[in-house]
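Reader: I should like to learn how to read the features of a model such as this one. May we begin with its interior and then proceed outward?

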Amino acid sequence: MPVQYYIFLSIALFCIGVMGVLMRRNAIIIFMCIELMLNAVNLLLVAFSKMWADAGKVDAGSAQLFVFFIMVVAAAEVAVGLAIITLVYRNTKSVDINILNRLKN
Amino acid sequence: MVLSVIALVSALGVVLSKNPVTSVLCLIVTFFTIAGHYIMLNAQFLAVVHIIVYAGAIMVLFLYVMMLMNLNTELEPQKRNWLKYAGAISGGALLVVLVAALRDASMPAISTEANEVGLIKNLGQMLFKQYVVPFEVSSILFLSAMVGAVVIGKKD
């Protein structure tokens, strides 16, 4: 199976995430699309690690641990981001990002 | 191939569905298919961690926040529709540019035979020998994120 297959799958998932961030107005859905983009990049990292490990250049375990640390950072990001969204909802009674264009008051 | 089609369709479902709960469920399906791809790429431990962390923890957190905010109803109709089309067009343009740039790249094929590198024994030994300092730093990051979430979320 050529590695282009995974490259194009990751590109498609990433672009769907970009479209979601640009199209939707709901802050939670924008957050989910960011998760989708992160996962597309993770999939590409694992595919490339497999490719270079098959070529005998690198150890595939290092790249998988790198993806593992990306997941850790994503989980921490989700915790803080959802707390911020909850705070915004409590202050404005909405999660529409159009009302967030002025951060003051 | 089937996994990829399911992944793309459910990713589109995340973006296009009107109901936020539906998009959470579509995103869970996408995560399961990505975990299937990890298994095919000899990253078995990563697939299990992916399902546990994303489908088990993060998506439950999303659903919980939606339940708290009572958001499972459709949002009010949008005023500016051209923004939606502009977003779709620019995302599609990014897709076209990246595919066109990488279409002719020659890459070696990936072998499909299984090996032991993605199992938890191998990765655990590597994690606690070679990468023990990043592991501890990430635990501190988790602790600070937890404290930050509590501080942000508490009533003031």
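Reader: How many residues does the largest nonpolar core have, and which residues have the most contacts inside it?

Author: A general idea comes first: in soluble globular proteins, nonpolar side chains tend to be buried together. In this predicted model, the largest nonpolar core has 62 residues. Those with the most contacts inside it are Met32(A), Leu36(A), Val46(A) and Leu46(B).

Reader: Which helices each supply at least two residues of this core?

Author: From chain A, the contributors are helix 1, helix 2 and helix 3; from chain B, they are helix 1 (2-16), helix 2 (20-40) and helix 3. Helix 2 of chain A provides the largest share of this core, 13 residues.

Reader: Which residues does Met32(A) touch, leaving aside those up to four places away in sequence?

Author: With that exclusion, Met32(A) touches Val14(B), Ser23(B), Val24(B), Leu27(B) and Phe62(B).

Reader: How many residues of each chain are in contact with the other chain?

Author: In chain A, 59 residues are in contact with 66 residues of chain B. On the chain A side, helix 1 (3-23), helix 2 (27-54) and helix 3 (60-92) each supply at least two residues. Helix 3 of chain A gives the most, with 22 residues. By class, the residues of chain A that touch chain B divide into 46 nonpolar, seven polar and six charged.

Reader: Where two helices pack across the chains, how should their relative direction be read? Are helix 2 of chain A and helix 3 of chain B roughly parallel or roughly antiparallel?

Author: One reads the crossing angle, for which a value over 145 degrees counts as roughly antiparallel. The axes of helix 2 of chain A and helix 3 (residues 44-69) of chain B come within 12 Å and cross at roughly 175°. The two helices are therefore roughly antiparallel. Helix 2 of chain A makes the contact through Ile28(A), Met32(A), Glu35(A) and Val46(A). The partners in helix 3 of chain B are Leu46(B), Ile58(B), Phe62(B), Val65(B) and Met66(B). This contact has eight nonpolar, no polar and one charged residues.

Reader: What can be said of chain B as a whole, beginning with its helices and strands?

Author: Chain B has six helices and zero strands. Its radius of gyration is 20 Å, whereas a compact globule of 156 residues would have one near 15 Å. The C-alpha atoms of chain B fill a box of roughly 55 × 50 × 25 Å along the principal axes.

Reader: What percentage of the residues of chain B count as buried?

Author: Of its 156 residues, 22% count as buried. Among contacts in chain B between residues at least 6 apart in sequence, 53% join residues at least 24 apart.

Conventions
Residues are numbered from 1 along each chain as its sequence is written. Chains are lettered from A and ligands numbered from 1 in the order in which they are written. This is a predicted model: local features need pLDDT of at least 70, side-chain atom pairs count only at pLDDT 80 or more; totals for chains, interfaces and linings use all residues. Two residues are in contact if their C-beta atoms, placed from the backbone, lie within 7 Å. Helices (H or I, at least four residues) and strands (E, at least two) are DSSP runs, numbered from the N terminus. Ala, Val, Leu, Ile, Met, Phe, Trp, Tyr, Cys and Pro count as nonpolar, Asp, Glu, Lys and Arg as charged, and the others, Gly among them, as polar. Axes are lines fitted to C-alpha atoms, for helices over the stretch in contact, and angles run from 0 to 180 degrees between N-to-C directions. Angles under 35 degrees count as roughly parallel, over 145 as roughly antiparallel, 65 to 115 as roughly perpendicular and the rest as oblique. The radius of gyration is taken over C-alpha atoms; the globule rule is 2.2 Å times the number of residues to the power 0.38. A residue is buried if 20 or more other C-beta atoms lie within 10 Å of its own, exposed if 12 or fewer, and partly exposed in between; C-beta atoms are placed from the backbone. A nonpolar core is a set of buried Ala, Val, Leu, Ile, Met, Phe, Trp, Tyr and Cys residues joined through C-beta atoms within 7 Å.
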